Each structure stands twice: as structure tokens, then as C-alpha cells.
Amino acid sequence: MAIPLDMREGCEAAIIALKNDGGLSHLYQVDEATDILWTILAVRNWEQLTITCGWSQEKYIESMKVMTQQLFVNEGRETQTSLPSS
């Protein structure tokens with residue numbers, strides 16, 4: 001079975017853009033960060049949170065934004081995402 005790479009390629013493009021902008025945390029190389037982001041955003045994880053746990057799509061998206069910013073963005077860089085209050 002072939003692994004769908006289009007999602008991984010999108011993750012890689014986002015990580016490379018962050019690195020080129022000087023924002024990628026020094027804790028990760030591009031390949032590592034891409035692998036982690038691709039795994040975090042896997043459909044199975046979305047299903048677990050939205051279907052099994054009952055999260056709204058909005059909560060899922062905002063949580064992923066906050067988590068990935070905290071994980072991948074250099075400390076001290078301004079972030080624009082915050083979790084909605086619920």
C-alpha cells in the first residue's frame with residue numbers, strides 16, 4: 001500500500017517556509033519537524049478528537065494551531081493564535 005505523500009509534502013512546505021522565515025525552533029531539523037507535524041495532523045488523530053472525543057472542528061483547528069506554534073516556533077516570536085474559551 002502506497003503512503004499518501006501529498007499531506008506530508010504540505011507539512012514539509014510549511015516547515016520549510018517557517019525555517020526560511022527564521023521561525024523554526026532550533027530544537028528541530030526540517031525532516032524531524034515535518035515528520036512530527038505530519039503525524040500530529042494524521043486523519044486518525046482528527047477522528048479520535050472530533051468523533052471519539054466530541055471536539056468541534058473549530059476546537060480541533062485552533063488547538064492544532066496553538067500546539068504546533070508552541071512546538072515549532074522559536075521562543076520570543078510573536079504568535080497570533082489562542083485557544084477559544086469554552
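In which helix is the place of T68? T68 sits in helix 4, and the tour will return to this residue after a survey of the chain.

**Before selecting anything**

The model is predicted, so that local features need pLDDT of at least 70 and side-chain atom pairs count only at pLDDT 80 or more, while totals for chains, interfaces and linings use all residues. Residues are numbered from 1 along each chain as its sequence is written, and side-chain values use heavy atoms, with hydrogens and water left out.

**The whole chain**

Display the chain as a cartoon. Four helices and zero strands make up its secondary structure, in the order α-α-α-α from the N terminus. Helices (H or I, at least four residues) and strands (E, at least two) are DSSP runs, numbered from the N terminus. Switch to a surface: the accessible surface of the chain is about 6,200 Å², and 54% of that belongs to carbon and sulfur atoms. Such areas come from the Shrake-Rupley method with a 1.4 Å probe; for residues, only the protein chains shown count as cover. Of the 86 residues in the chain, 27% are buried. Buried means under 20% relative accessible area, exposed over 50%, and partly exposed in between (1.4 Å probe, protein chains only).

**Helix 1**

Select residues 6-20, which form helix 1. Its 15 residues should span 21 Å at 1.5 Å a residue, and the end C-alpha atoms are indeed 21 Å apart. The expected span is 1.5 Å times one less than the number of residues.

Next, colour R8, C11, I15 and L18, the residues of helix 1 that are buried. Viewed down the axis of helix 1, the buried residues fall within an arc of 85 degrees, so they line one face of the helix. The arc is taken over the directions from the helix axis to the C-beta atoms. D6 and N20, on the other side of helix 1, are exposed. Add helix 2 (30-40) and helix 4 (57-72) to the view: both are included in what covers the buried residues of helix 1. Just after helix 1, G22 takes a positive phi of about 80 degrees.

**Helix 2 against helix 1**

Select T34 in helix 2. With a relative accessible area of 1%, T34 is buried. Beyond its neighbours within four places in sequence, T34 is in contact (heavy atoms within 4.5 Å) with R8, C11, E12 and I15.

Move to D35, also placed in helix 2. D35 is partly exposed, at 35% relative accessible area. The side chains of D35 and R8 are joined by a polar contact of 2.5 Å. A polar contact is a pair of N or O atoms within 3.5 Å; within protein, one must be able to donate a hydrogen and the other to accept it, and residues adjacent in sequence count only if both atoms are side-chain atoms.

**The nonpolar core**

Which ten residues make up the largest nonpolar core? They are C11, I15, L18, L24, Y28, V30, A33, L37, F72 and V73. Helix 1 and helix 2 are the elements that give two or more residues to this core. A nonpolar core is a set of buried Ala, Val, Leu, Ile, Met, Phe, Trp, Tyr and Cys residues joined through side-chain atoms within 4.5 Å.

**Back to T68**

Finally, centre on T68, which counts as buried at 17% relative accessibility. A polar atom of the T68 side chain lies 2.7 Å from the backbone oxygen of M64. Not counting residues up to four places away in sequence, T68 touches L37 and V73.
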